[in-house]
Amino acid sequence: MLGDNNVALPAEWRDFLALTKPRVMSLVVFTALCGLLAAPGYIHPVMAFIAILCIAVGAGASGALNQWYEADVDAKMDRTSKRPLPDGRMERENALYFGVILGAFSVGIMAVFVNWISAGILAFSIFFYAVVYTIWLKRSTPQNIVIGGAAGAFPPVIGWAAVTGDISMLPILMFLIIFLWTPPHFWALALFMKTDYAKAGIPMLPVVAGQKTTRNQILLYSIILTPFVIAPWALGYTSYIYGAASIILSAIFLFLAVQIWRNDAINVEGMKPEKQMFAFSILYLFALFALMALDRQIL
Ligand code: HEM
Ligand SMILES: CC(C)=CCC/C(C)=C/CC/C(C)=C/COP(=O)(O)OP(=O)(O)O
């Protein structure tokens, strides 16, 4: 994946690139590509390229707007304090202009060259992450990432809509998979980053409700997620190859969730299952979407 720090670019460009959160957004864009590849019908390769580029630029814009608004809390957390704004390497308003211009550009190009529905959902996703999650939910409720996670679940729906001009059952399942995957993905990380969030005054679940509740919630969401992961095969949208792989990968995911549920470590050193779950969550989503798209392309 594209790294934040090791790209051979002038320092200022590297900072603008860092505003787009390239590592996180690479999986966002990948799921969008898979949504596009899984859709029935033909899209000209140039149109497909424009659609994916617009989603990447739109997602990057939302990351920049998020960092523009959050410079104060980012400065308080070890993980984020070296970002361009809290580190004082960039003027705050530059991040705002960058985000607004890129966001408008991505939605405008999508509307003109691809279709209105994909442009509309892209605009809604940017708004949802940059405004609803960042400005409103993140600082006000421990359910912030459950609701806010919807923004990250839209990209495969946008990819699908770019091809078909509509939305049907499979993209809805793709949305639900990412939506239900987000809580275990994030709360596993939040458990071993709890001190950072507490320092910044962000009401993440482990800070507000404690570690036991967070571990219970990780297991609960992992269990609810499983049937939705298997559903694309069970409902006949993919072959048994995706079906078998989704069952094996989900078994590993559930195993890690149970390990977390059984863990009662308070210190970061004892949080091996949480670290494994966070790392595996990324591989899990990547593999599920790759397999789903390949399955529908090849079989
Ligand atoms: C509200 C929802 C989400 C929250 C709060 C969240 C939060 C985080 C945080 C704090 C990190 C730590 C590392 C970093 O800052 O780079 C991270 C990493 C990551 N997230 Fe999420 N995430 C969410 C949803 C998603 C979604 C929807 C995707 C993709 C579909 C995703 C993909 C990733 C990836 C690929 C990484 C690893 C980045 C790296 O390698 O450093 N996340 N996430
Ligand atoms: C197409 C489109 C607009 C997609 C948006 C994608 C999206 C919402 C992804 C969510 C993932 C993400 C960057 C979470 C970071 O949370 P955070 O901001 O709380 O993390 P931080 O503490 O690292 O800033």
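1. In this predicted model, 17 residues surround ligand 1, and those that come nearest are Arg23, Leu27, Ile145, Gly149 and Gly152. Two or more residues of this shell are given by each of H2, helix H7 (144–148), helix H10 (169–192) and helix H15 (272–298). By class, the shell around ligand 1 divides into 10 nonpolar, 6 polar and 1 charged residues.

2. The position of ligand 1 relative to the domains deserves a separate remark. Domain 1 (1–167) and domain 2 (169–299) both contribute residues to its shell, so ligand 1 lies between them.

3. Ligand 2 has 19 residues around it, of which Ala59, Ser125, Tyr129, Ala151 and Gly152 come nearest. Gly152 is thus named for ligand 2 and also for ligand 1. At least two residues of the ligand 2 shell are supplied by each of helix H2 (22–38), helix H3 (45–69), helix H6 (116–137) and helix H8 (150–153). The largest share, 6 residues, comes from H3. Helix H2 appears among the contributors to the ligand 2 shell as well as among those to the ligand 1 shell.

4. As to the chemical character of the second site, the shell around ligand 2 has 9 nonpolar, 7 polar and 3 charged residues. For the shell around ligand 1, the corresponding counts are 10 nonpolar, 6 polar and 1 charged.

5. Turning to the fold, the protein chain has 15 helices and 0 strands. Its radius of gyration is 19 Å, close to the 19 Å that the globule rule gives for 299 residues, so the chain is as compact as a globular protein of that length. Along the principal axes, the C-alpha atoms fill a box of roughly 50 × 45 × 35 Å.

6. Burial and contact range complete the description of the chain. Of its 299 residues, 47% count as buried. When contacts between residues at least 6 apart in sequence are considered, 70% join residues at least 24 apart.

7. One residue is described here individually. Lys76 is found in helix H4 (residues 71–76). Is Lys76 buried, exposed or partly exposed? Lys76 is partly exposed because 16 other C-beta atoms lie within 10 Å, whereas burial would require 20 or more and exposure 12 or fewer.

8. Which residues does Lys76 contact, leaving aside its neighbours within four places in sequence? Lys76 is in contact with Lys199 and Ala200. The C-alpha atoms of Lys76 and Pro86 are separated by 8.6 Å, the two residues being 10 apart along the chain.

Technical notes
Residues numbered from 1 in each chain as written. Chains lettered and ligands numbered in written order. Predicted model: local features only at pLDDT ≥ 70, side-chain atom pairs only at ≥ 80, totals over all residues. Helix = DSSP H or I, 4+ residues; strand = E, 2+ residues; numbered from the N terminus. Rg over C-alpha atoms; globule rule 2.2 N^0.38 Å. Contact = placed C-beta atoms within 7 Å. Near = placed C-beta within 6 Å. Nonpolar A, V, L, I, M, F, W, Y, C, P; charged D, E, K, R; others polar. Domains from an automatic or database assignment.
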